Amino acid sequence: MWLAAQSSGGLTKAGERLGVELLDIIRANALLGYNVPGISAPGYGNLTLRGISEHTQLAQRMAYRMAPLFLDTVGATGIKRQVIVSNSGVNRAVDSAYFFTKSLANTVPGLASLIVNSAPLTAYPASAPIAQAAGTNRFELYFHKLNAKMDLPTSSDPYFPIYQSSLAYQSYLNGDSTMIAKVNSIVYSDASKKMARKVLKTIFTAAFLDALDAGTTSYSNAGTFNFTSTDGLFPVKITGDGQTILANLVDAANSLYAVYSILPAMNQEVNVNMARYFPAGQLVILGYLSDAQDFYQKGPGIAEASPITFQMSQYLLDDFFAEASAIGAGTLTHAAKLRFTHAEIIMPFATRLGLPDASMAISAADTYTYDNNPWRGSLIAPLASNVQWDLYSDGKTVLVKMLYNEKETDFPSNCEAARYMAGTVSHFYTLTGLKSCYGY
């Protein structure tokens, strides 16, 4: 769209500057991770240097907080306890696991040999099984995009219910008329269109925007760019798939906002102040549009459709309880289980957990707003978001403390009977009480 405006005289002075900055951002993404030890495949979708730093520090803080656990693990004279690691199979999650566990091993001398990947899955797809990489578990950590080509299980497979839930969710995402109409009514409201015009007129001329608004022009990501690393050793060609279409002002403004949104995580790769392209008061509107889409499509969503958006997270919760139950039964072969995944997993998992700010669905007759619902993407699944359960035992009672984004977090109010020392501000819960609360 910017290139078309450039060639037709459709740019303002600020818009001319934007093109140079966009090219810098595209180049930085195309070369992301090049020459960074530990990055498995440089390019789009990788961890940034800030992401690496955040995972490194996350591991350090966990090691310090749970120092007795890890010191006992490396000092054990009997059966060595292991740290089990799983990921979604996507490069960014694989690399997140690498940097986190590397930092953990560096922080706790002697732990490195005890950090192992979970066993590889070998039975999928059932029609022609292919052994997957050790550590990868899409059913647990990429359940929003399961498909027959990669994941088909037999009907008797323990993962079959998750597979079915994933297909049902994808069908809902692509074809539920109530949900789609609700999202579109928010995204393409008169207020949204007014906002989009206000944002884009700082970049494009009125005539250029009028043509887009009238539907006489549209744009897609079908371009090609060639870049080479500064050392000349890594050439890369980026070609858009043509699937992202800008056919109206709102979509264009949302795309600009998407660029703005990723830049804080790329502050060591590119120095661009994208905020200057958004007039005062418009960013909060765009943030709401983003939250509304995620609320309906990845969060608690429409009450009448529940639990379609989060049922597929059930196995992940099962695994949390399986690990906790093993501790409760005195099986101490695992010192920790670490899982690395994505916002699309954290969001429905937080809803399944019943966390107050993450689980308030809204009826189809109503509309999600900031005034009637506490759900905020920046709080539910910020970059490097995480859910941690710490377990403590005196040999008789097992207590669980949850940290959500590294903050002590209470389980939902219907689990109050499980709280250790009920009626206090204790963040500890008995495992037996939690199992009863969640139906285990």
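Let's start with glutamate 416, which pairs with arginine 419 in a salt bridge whose closest N and O atoms are 2.8 Å apart. This is a predicted model, and the geometry here is computed from it. The two partners differ in exposure: glutamate 416 has 31% relative accessibility and counts as partly exposed, while arginine 419, at 10%, counts as buried because the cut-off for that class is under 20%.

Salt bridges can also share partners, and here Glu140, Asp319, Lys337 and Arg339 are joined that way into one network. Let's look at one link in that group. The side chains of arginine 339 and aspartate 319 meet in a salt bridge, with 3.0 Å from N to O. Arginine 339 belongs to strand 7 (residues 334-340) and aspartate 319 to helix 14 (residues 314-328), so this contact ties together parts that lie 20 residues apart in sequence. Both arginine 339 and aspartate 319 are buried.

Now follow the chain to another pair. Glutamate 406 and arginine 61 bring their side chains together in a salt bridge, at 2.8 Å from N to O. This pair links distant parts of the chain, 345 residues apart: glutamate 406 sits in the loop between strand 9 (398-404) and strand 10 (407-409), and arginine 61 in helix 3 (residues 49-65). How exposed is each partner, by relative accessible area? Glutamate 406 is partly exposed at 30%, and arginine 61 is also partly exposed, at 38%.

Stepping back to the whole structure, a search finds 14 salt bridges. As a general point, side chains of opposite charge can pair when their charged atoms come close.

Note on methods: Residues are numbered from 1 along each chain as its sequence is written. This is a predicted model: local features need pLDDT of at least 70, side-chain atom pairs count only at pLDDT 80 or more; totals for chains, interfaces and linings use all residues. Side-chain values use heavy atoms; hydrogens and water are left out. A salt bridge is a side-chain nitrogen of Lys or Arg within 4 Å of a carboxyl oxygen of Asp or Glu. Helices (H or I, at least four residues) and strands (E, at least two) are DSSP runs, numbered from the N terminus. Buried means under 20% relative accessible area, exposed over 50%, partly exposed in between (1.4 Å probe, protein chains only).
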